[in-house]
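Colleague: I would like a close look at a single part of this model, followed outward to whatever it touches. Please take one strand and go through its surroundings step by step.

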Amino acid sequence: MAVQRTLSIIKPDAVAKNVIGDIIRRFEENGLSVIAARMTHLTAEQAGRFYAVHRERPFYRDLCAYMSSGPILALVLEGKNAVALNRQLMGATNPAEAEPGTIRADHADSIEANAVHGSDSEENAATEIAFFFGDLDIHARA
């Protein structure tokens, strides 16, 4: 099992519900370390750049509006198989389909307001991490 880095975003709905601590606790209890963190409030243009891969999809405009509707907490997580582990901890995109005990099953309101984002591959993780963080912002804890 390779040590990887992945991006996680605690989305506006979860920040507003004040469940940041619970979400980070779940990461840490499952072997992921927070090696960078940044709270920010994306503009619609910034959200559009981050989600540019979805530009042609019907939900793109609503996604950008939602992601710029309030503060988010961007995190870099590090650990063994971090990409897959983070996605497992998040649960299915649709919280109605998420396994009990996952972040989305416990904290998401809908498929749109689904509490967290996680990179879907190591390649995308590198790109997404670079969107929010420079090398001087990331601090391995091992």
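Modeller: Strand S3 is mostly covered, with 8 of its 9 residues buried. The model is a predicted one, and what follows should be read in that light.

Strand S3 has a partner in S1, and the two pair in the antiparallel sense over 8 bridges. Two positions show how they line up: Thr6 stands opposite Leu77 in S3, and the bridge partner of Ser8 in S3 is Leu75. Strand S3 also pairs with strand S2, residues 33-40, again in the antiparallel sense, over 7 bridges. There, Ala36 stands opposite Val76 in S3.

Strand S1 is itself largely enclosed by the rest of the structure, because 6 of its 8 residues are buried. Besides S3, strand S1 is joined by 3 bridges to strand S4, residues 116-118, and these two run antiparallel. Ser8 stands opposite Gly118 in S4, and Ser8 also has Leu75 as its bridge partner in S3. In a regular strand the side chains alternate between the two faces of the sheet.

Strands S1 and S3 are also connected through side chains. Glu78 forms a salt bridge with Arg5, with 2.9 Å between the closest N and O atoms. This pair links distant parts of the chain, since Glu78 belongs to strand S3 (residues 72-80) and Arg5 to strand S1 (residues 3-10), 73 residues apart. Glu78 has a relative accessibility of 15% and therefore counts as buried, the cut-off for buried being under 20%. Arg5, at 34%, counts as partly exposed. Side chains of opposite charge can pair when their charged atoms come close.

The Glu78 pair is one of 8 salt bridges that the structure holds. Others involve helix H2, so that helix is worth a look for comparison. Glu29 forms a salt bridge with Arg25, the closest N and O atoms being 2.8 Å apart. Both residues lie in helix H2 (residues 20-29), 4 residues apart, which is about one turn of the helix. An α-helix has 3.6 residues a turn, so residues three or four places apart point the same way. Glu29 is exposed, with a relative accessible area of 55%, while Arg25 is partly exposed at 34%.

A further pair reaches out of the helix: Arg141 forms a salt bridge with Glu28, and their closest N and O atoms are 3.9 Å apart. Arg141 lies in the segment after helix H7 (122-132) and Glu28 in helix H2, so the pair ties together parts that are 113 residues apart in sequence. Arg141 counts as exposed at 51% relative accessibility, and Glu28 is partly exposed at 42%. Salt bridges that share partners also join Asp22, Arg25, Arg26, Glu29 and Asp106 into one network.

The helix has a covered side as well. In H2, Ile20, Ile23, Ile24, Arg26 and Phe27 are buried. They cover an arc of only 155° around the axis, which means they sit on the same side of H2. On the other side of H2, Gly21 and Glu29 are exposed. Just after H2, Gly31 takes a positive phi of about 90°.

To return to the part you asked about: strand S3 pairs with S1 over 8 bridges and with S2 over 7 bridges, and its residue Glu78 forms a salt bridge with Arg5.

Definitions and conventions:
Residues numbered from 1 in each chain as written. Predicted model: local features only at pLDDT ≥ 70, side-chain atom pairs only at ≥ 80, totals over all residues. Heavy atoms only, no water. Salt bridge = Lys/Arg side-chain N within 4 Å of Asp/Glu carboxyl O. Buried < 20%, exposed > 50% of the residue type's maximum accessible area, 1.4 Å probe, protein only. Arc of directions from axis to C-beta. Pairing = 2+ DSSP bridges.
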